[in-house]
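Thanks for making the time this morning. I would like to walk you through a structure that may be new to you, taking the salt bridges first and the hollow spaces afterwards.

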Amino acid sequence: MAPQYKLTYFDVGGTAEVSRYLFSYGGIEFEDVRIKRENWAQLKDKTPFGALPTLEHNGKVVGQSVAIARYLAKKVKLVGDDDWENLEIDAIVDTINDIRLKVFPIFMEKDEAKKKALIETLKNDTFGFYLPRLEAEVQKNKGYLVLGRLTWADFYFTTLSPMFDLITGEDVLASYPNLKGVKEKVNALPVIKKWIEIRPKSHA
Amino acid sequence: MMEGACIKRTRKSINIFNTTEEMAPAYKLTYFPVEALAEPIRFLFSYGGIEFEDFRFDRENWPQMKPNMPFGQVPVLEHNGKVAHQSIAMARYAAKKAKLVGNDEWEDLEIDAIVDTVNDLRQKIALYHYEADAAVKESRKEPLFKETLPYYLQRLDAVVKANNGHLALGKLTWADLYFVAILKYLNSMCGGNDILADYPNLTALKNTVLELPAIKTWVEKRPNTDM
């Protein structure tokens, strides 16, 4: 039977990788559709709001990477035990997303001098502000980002953190051993290790 | 025990039918003295009949307060000795308490996706409004008003048309309250015009939400601010 879920994104990790990790973690079959950038212009207006990723299931289509990841997290039971615990997870995810929003536009900057300046500001103001605080959260939470145990927040951080190194050309987590530990722990999970082995090699 | 030794702050009012104890509200919401990103949470608590302390600090106190916030931002929500942050996460929590959520995980996904889309629009408007460089700001004006706003508002208007006058699930959800609660903020960032002027279904939704008795009561009693 065809998989019940179809996830559509570009041929990169980006904001879809967290969902690919969650599908893999839960052993849930999914169609991993990767579109080429040159085809995006024609496909854009077929999506709900002109953005990817989208998730199709039972004839319905939704967008928004974090919303999709939260849905899958519930399916694979990487969520809190009550509303307040889920608020704590959601808040850390949104905080990591705030970092992503500062990183993303810099990739688009064409002026090399401007780009260099933006990267310096990113390192000093954004990473310098957020990463020590997230590092402290992991220390407080026995090696996890929230609730003292594995949640989808750890998957979210792991799959977005590659872009920190990509934009700076540095090992950004080198001075954050606890955050690095989260990433290593998640990527060492047998099902995730397997996913990393089998995912398309074109994947950035 | 001597009466004077009791230090718990309670007031007892005894009436013929029952005894009620009044205590400080279970929730304290802290924000700037504006609607903006805290207003959805205020709407949702009000709709759910959930008492909350609506604490608005003076702007000049912000520099001292900022380092004490979880990630240097407000709003924050205090409850049972814990402090939460991130406005949308807190709105989702309030929505669950107010029972304005979906009946299953897919329904909640549909609501979340619309709320995040509205938030995307807010961020794009904010990129224009808060730009410090006047030339850069001017260059962002036309794309925002001629392309971005119509792109989102046309689609959101169509969603409301297809959903029985609501933003998701064909019925009232927290997506509706979220959208209407930040409207004044969006309008003020867009220069004070009514961005919904050309969108009849979104305008009708705004009126639907503002006519809800609990929301009407809240809007009448809340401090009057520009955004």
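**Salt bridges, a cavity and a pocket**

Let me start with a contact between A:Lys75 and B:Glu105, which form a salt bridge whose closest N and O atoms are 2.6 Å apart. A:Lys75 belongs to helix α3 of chain A, residues 65–75, while B:Glu105 belongs to helix α4 of chain B, residues 105–129, and so this pair joins two chains. Please keep in mind throughout that we are looking at a predicted model. As for how open the two partners are, A:Lys75 has a relative accessibility of 35% and therefore counts as partly exposed, and B:Glu105, at 28%, counts as partly exposed as well. This is one of 29 salt bridges that a search of the whole structure finds over all chains.

Now let us move to chain B and to B:Arg42. The side chain of B:Arg42 meets that of B:Glu39 in a salt bridge, with 2.8 Å from N to O. How far apart are these two along their helix? B:Arg42 and B:Glu39 are three residues apart in helix α1 of chain B, residues 39–47, so about one helical turn separates them. Are they buried or exposed? Both B:Arg42 and B:Glu39 are buried, and for B:Arg42 the relative accessibility is in fact 0%.

B:Arg42 also has a salt bridge with B:Asp54, at 2.7 Å from N to O. Here B:Asp54 sits in strand β4 of chain B, residues 52–56, whereas B:Arg42 sits in helix α1 of chain B, so the contact ties together parts that are twelve residues apart in sequence. B:Asp54, with a relative accessibility of 22%, counts as partly exposed, because buried means under 20%. If we step back, B:Arg42, B:Glu39 and B:Asp54 turn out to be members of a network of salt bridges that also links B:Glu35, B:Arg56, B:Lys184 and B:Arg222.

Let me turn from contacts to enclosed space. How many cavities of 30 Å³ or more does a search of the whole structure find? The search finds one, and about 70 Å³ of space lies in this largest cavity. Its lining draws on both chains, with A:Arg70, A:Lys74, A:Val79, A:Asn86, A:Ile89, A:Asp90 and A:Trp152 on one side of the list and B:Arg92 and B:Lys96 on the other. The elements that give two or more residues to this lining are α3 and α4 of chain A, together with α3 of chain B, residues 87–97. The largest share, three residues, comes from α4 of chain A. By class, the lining of the largest cavity has five charged residues, three nonpolar and one polar.

The last space I want to show is the second largest pocket, which has a volume of about 400 Å³. It is lined by 19 residues, and those nearest its centre are A:Glu88, A:Glu137, A:Lys140, B:Val83 and B:His85. Two or more lining residues come from each of α4 (83–108) and α5 (112–140) of chain A, and from β6 (82–85) of chain B. This lining divides into eleven nonpolar, five charged and three polar residues.

I will finish with a record. In an unreviewed entry, UniProt lists residues 3–80 of chain A as "domain: GST N-terminal". In the model, this span is 32% helix and 26% strand, and its end C-alpha atoms lie 27 Å apart.

Notes
Residues numbered from 1 in each chain as written. Chains lettered and ligands numbered in written order. Predicted model: local features only at pLDDT ≥ 70, side-chain atom pairs only at ≥ 80, totals over all residues. Heavy atoms only, no water. 1 Å grid on protein atoms, 1.4 Å probe; cavity = no way out; pocket = protein on both sides within 12 Å on 5 of 7 lines; lining within 4 Å. Points joined across faces, edges and corners; volume = space filled by probe spheres on them. Helix = DSSP H or I, 4+ residues; strand = E, 2+ residues; numbered from the N terminus. Nonpolar A, V, L, I, M, F, W, Y, C, P; charged D, E, K, R; others polar. Salt bridge = Lys/Arg side-chain N within 4 Å of Asp/Glu carboxyl O. Buried < 20%, exposed > 50% of the residue type's maximum accessible area, 1.4 Å probe, protein only. UniProt positions renumbered as here; feature names shortened; annotations may be inferred.
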